[in-house]
Amino acid sequence: MDSYTVRINGFTRSVESSDPDKPLLYVLRGLGLTAAKFGCGLGQCGACTVLIEGRAARSCQTTIADVRDRAVTTLEGLGSSSSPHPVQAAFIKEQVPQCGYCTSGMIMSAVALLAQTAKPTEDEVRSALDGNLCRCSTHVRVVRAVMAASGAGG
Amino acid sequence: MCPAAPSSRVARSPSPLHRAARCVDLFAQDGGSSPRILDPKEVDGFFAVNGDGTVTVFCGKVDLGQGLRIAIRQMAAEELGIGVEKIKYVEGDTALTPDQGRTSGSSGIQRGGVQIRQAATTARKALIELAAQRLGSKPEDLVAVDGQVQPKAGGAGISFATLIGERRFDLKIDPKAPLKDPSTYTIVGKPLPRPDVPAKCTGANIYVHDFTVPGMLHARVIRPPAIGGKLISVDESTAENLGAKVVRIKDFLAAVAPDEWMTVRAPRALRAQWSEWSGLPEQDRLEATLRNAAEITDELLVNKGAPELPLPKGAKTIAASYFWPMQSHASLGPSCAVADVRADSATIWTASQGTHGNRRSFARFLGLPPEKVRLIYLEGAGCYGMNGHEDAAADAAIVSRAVGRPVRVQWSRQDEHGWDPKGPPQLLDISGAVADDRILA
C-alpha cells in the first residue's frame, strides 16, 4: 500500500492506494468529494472534470500517481451555496442545470477556460466546453452563464 | 434540497473535506414520530403543519430536474395561503409520501400537482373553519395569508401552527372544495428559482450515485456478452486476488468489494466463460426484420367518410415509410442504486420514477411483505425515456441479500449502453390519397 501526498482543495492529504493506476475520480469520491461524476470512465463525457494545477483534467483518466504532490481542485473547493465562486454564481443565476449531473464538469472546464482567457468569445466558450456533454441539453444556458461570469453578456 | 432519508440509519461517510450535515433529520421536520398517513384521499397524506409554522408537503411525484420541487411548492403555498419559503418538501419515499403514480408522461403537475392543490384547498377551508370557531367569526369573513388565518377586515389572526401544528387534519380531500381564482394568484405564475440548483452548482446535491450508508460495499455486475448467454464457469480466484468477492447466483455474477475501484478492476481480471447466444437480429438488417416480423399491427387512426374506390381521376396517392432503430435512452450517468436487504426488511435508495409501484415489485421479488420494503427516491442522472435505474436497484438488492450488507451497484457505461431499457425499433407505413386539396383516403 503506497501513500500519495496530494493537495486537494487547499488541504494536504495523504492517500493510500495499492494501485498506482487508481483513477483520481475514485480517490476523490472515496474521500466523500462526490461533485466529480462518473459518466463514462473513458474521458469522453467530461462529467468527472477537475482542475490539476489550475488546468482542466478528466479525473477518470488521471491516476493517483499522476497527482502526487500536485494541487487538485474540485467543485466543492471552488465555493459553496452561501459563498459561490463567480462561475458557480453565474450558473445559479442562469438556473443552468436540469438534472445537473454534468454541471460540475461544466463549471470546472469553464473555470479553467476563464483562468487562461478572461474574456472569451462565445465561440471560444463553445470550443472549450465541447468535450463536456449534457443530455438535458442545457448547453445554451451554460454558454450564457460562462459569458456572464466573464463579464460579457448576462 | 435534502433527499428523504431517516438520519438514524443513514450518514454520509465522514471526511474532513466533506461539508457535513447536508441532510437534516426528516422525522424531526415532519412533525414527530407518529406514523404517516399515506392515503392519497386524505389531507394528511400530503400535508403536515409543523409546530414552527412551516408546512411539509409530501409529494409522490419526483423531481428529475424538471422543477417539480418549486412548482409543487408554489401550488401548495398558493392554495394554502403561506409563503413558499415556509414549505418543506419530501418526495418519492414509500414510507412518507402517498402513491401518486409514476412520474412520467408530463403528469407531475397536471396530475400530481392538481391532487396536492385540491388537498391544499381542503386544508385551507378546514383551517379557516378552525379559526372561525376560535375567533367567533364567520368563515367567509376570514382569509388565509402568510401562514395565518386573519379577519378580512384586519386585526389579529391565528397561525396555522397554533390552529393545527403537530396534529392531524383527519380530513378527506374534498374534490369540490373551491380553488382560488387564478386572477388572485400571488405565487403561482411567478418564475421562482429551483431550490436544487445551488446545491447542484456547488457539489452539495446528493445523487443516488453519491449516497452511502455505513458498512456499505460496492458492486459491479458482470454480464454475458449477449442477453441469452449462460454462465458456464467462472474462476473466482482471479477476482479475489484483487480483493473482490464474487457473488454467483445461477447466471448472475457480481464482484463486491469495500473499495469501488476494486469492483471496476476485478471483473476485467475475472475469467468467466459464457455460452454463445445470437438471438437478436442484426442491427443493419433491423428494418427488414421488422417488415417480416410476426407482430405487425394495422392501426386505424382516422376513418372519415368513405374512400371513393376506385380513386377518381386526378387523385394523387402518397405513401411514406418511417423507420427508427433501437435507441438507448443513454443517461449521462450510468444507473446506480443502493440497497440494504435484511432477513425481514429492505430499504432501497433509487432514482426510480415509480418508487411506489416498484415497492410492490421488489416485495414480490424479495419475498417480503410490501410494508417491509421501503423505496426512497434520490435523484439520478437525467432520464429521457427509461434508463436502468430500477434494474440497478434490483442488482443491488440481489447482491445485498447475498452478502448481508448494504450494497451500492454502479453500472458501467457499457452496462448502460448495452443493458438499459431501450426505445424499441419502429417501422410505420402510411399511405393516403388527395385530390383538389381534399383528403380522399
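Start by selecting residues 103-116 of chain A: this is helix H4, which lies across S3, S4 and strand S5 (71-73) of chain A and runs at about 35° to S3(A). Keep in mind throughout that you are looking at a predicted model.

**The sheet of chain A**

Now show the strands beside that helix. Five strands of chain A make up an open sheet with mixed pairing, in the order S2-S1-S5-S3-S4. Colour strand S2 (11-17) and strand S4 (55-58) of chain A to see the edges, since each of these pairs on one side only. Looking along the sheet, you will find a twist that averages 40° from one strand to the next.

Zoom in on strand S3 (residues 49-52) of chain A, which pairs with S4(A) in the antiparallel sense over four bridges. Within this pair, select Leu51(A) and look across to S4(A), where Ala56(A) stands opposite.

**Helix H6 of chain A**

Next, select helix H6 (residues 139-149) of chain A. Which of its residues are buried? They are Val142(A), Val143(A), Ala145(A), Val146(A) and Met147(A). As you look at their positions, remember that an α-helix has 3.6 residues a turn, so residues three or four places apart point the same way. To see what covers the buried residues of H6(A), add helix H3 (86-93), H4 and helix H5 (122-128) of chain A, which are included in that cover. Step just past the end of H6(A) and check the backbone of Gly151(A), where phi is positive at about 95°.

**Chain B as a whole**

Hide chain A for a moment and centre on chain B, with its twelve helices and 18 strands. Its C-alpha trace spans about 80 × 80 × 40 Å along the principal axes. Chain B has 441 residues, and 49% of them count as buried. Its accessible surface comes to about 21,200 Å², with 54% belonging to carbon and sulfur atoms. If you draw a contact map, take the contacts in chain B between residues at least 6 apart in sequence: 75% of these join residues at least 24 apart.

**Salt bridges in chain B**

Side chains of opposite charge can pair when their charged atoms come close. Over all chains, the count of salt bridges comes to 28. Here are three stops in chain B.

- Select Glu42(B) and Lys172(B), a salt bridge whose closest N and O atoms are 2.6 Å apart. Glu42(B) is in the loop between helix H1 (26-29) and helix H2 (43-46) of chain B, while Lys172(B) is in the loop between helix H5 (160-164) and helix H6 (197-202) of chain B, so 130 residues separate the two in sequence. Glu42(B) counts as buried because its relative accessibility is 14%.
- Move to Glu78(B) and Lys180(B), where the closest N and O atoms of the salt bridge are 4.0 Å apart. This pair also links distant parts of the chain, 102 residues apart: Glu78(B) is in helix H3 (residues 68-80) of chain B and Lys180(B) is in the loop between H5 and H6 of chain B. Glu78(B) is buried, with a relative accessible area of 2%.
- Then pick Arg360(B) and Asp99(B), a salt bridge with its closest N and O atoms 3.6 Å apart. Arg360(B) belongs to helix H10 (residues 355-366) of chain B and Asp99(B) to the loop between strand S3 (87-91) and helix H4 (107-135) of chain B, so the pair ties together parts 261 residues apart in sequence. Arg360(B) is partly exposed at 44% relative accessible area, and Asp99(B) is partly exposed too, at 30%.

For a group view, show Asp63(B), Arg69(B), Glu91(B), Arg194(B), Asp196(B), Lys200(B) and Glu379(B) together: salt bridges that share partners join these residues into one network.

**Around Gln150(B)**

Select Gln150(B) in strand S5 (residues 148-151) of chain B. Is this residue buried or partly exposed? At 22% relative accessibility, Gln150(B) counts as partly exposed. Leaving out residues up to four places away in sequence, Gln150(B) touches Asp141(B), Leu142(B), Val143(B), Val145(B), Gly155(B) and Gly157(B). Try the distance tool from Gln150(B) to Ala131(B): 19 residues apart in sequence, the pair is 8.1 Å apart C-alpha to C-alpha.

**Last stop: a nonpolar patch**

Switch on the surface and select Tyr322(B), Trp324(B), Leu428(B) and Ile430(B), which make a nonpolar surface patch of about 370 Å². Strand S12 (316-324) and strand S17 (426-435) of chain B each give two or more residues to the patch. Finish on Tyr322(B), which sits in strand S12 of chain B and is partly exposed, with a relative accessible area of 45%.

Methods: Residues numbered from 1 in each chain as written. Chains lettered and ligands numbered in written order. Predicted model: local features only at pLDDT ≥ 70, side-chain atom pairs only at ≥ 80, totals over all residues. Heavy atoms only, no water. Patch = residues over 30% accessible without salt bridge, like charges linked within 9 Å, V, L, I, M, F, W, Y side chains within 5 Å. Areas by Shrake-Rupley, 256 points an atom, 1.4 Å probe, with all protein chains shown as cover. Salt bridge = Lys/Arg side-chain N within 4 Å of Asp/Glu carboxyl O. Buried < 20%, exposed > 50% of the residue type's maximum accessible area, 1.4 Å probe, protein only. Pairing = 2+ DSSP bridges. Axes fitted to C-alpha atoms, helices over the stretch in contact; angles between N-to-C directions. Contact = heavy atoms within 4.5 Å.
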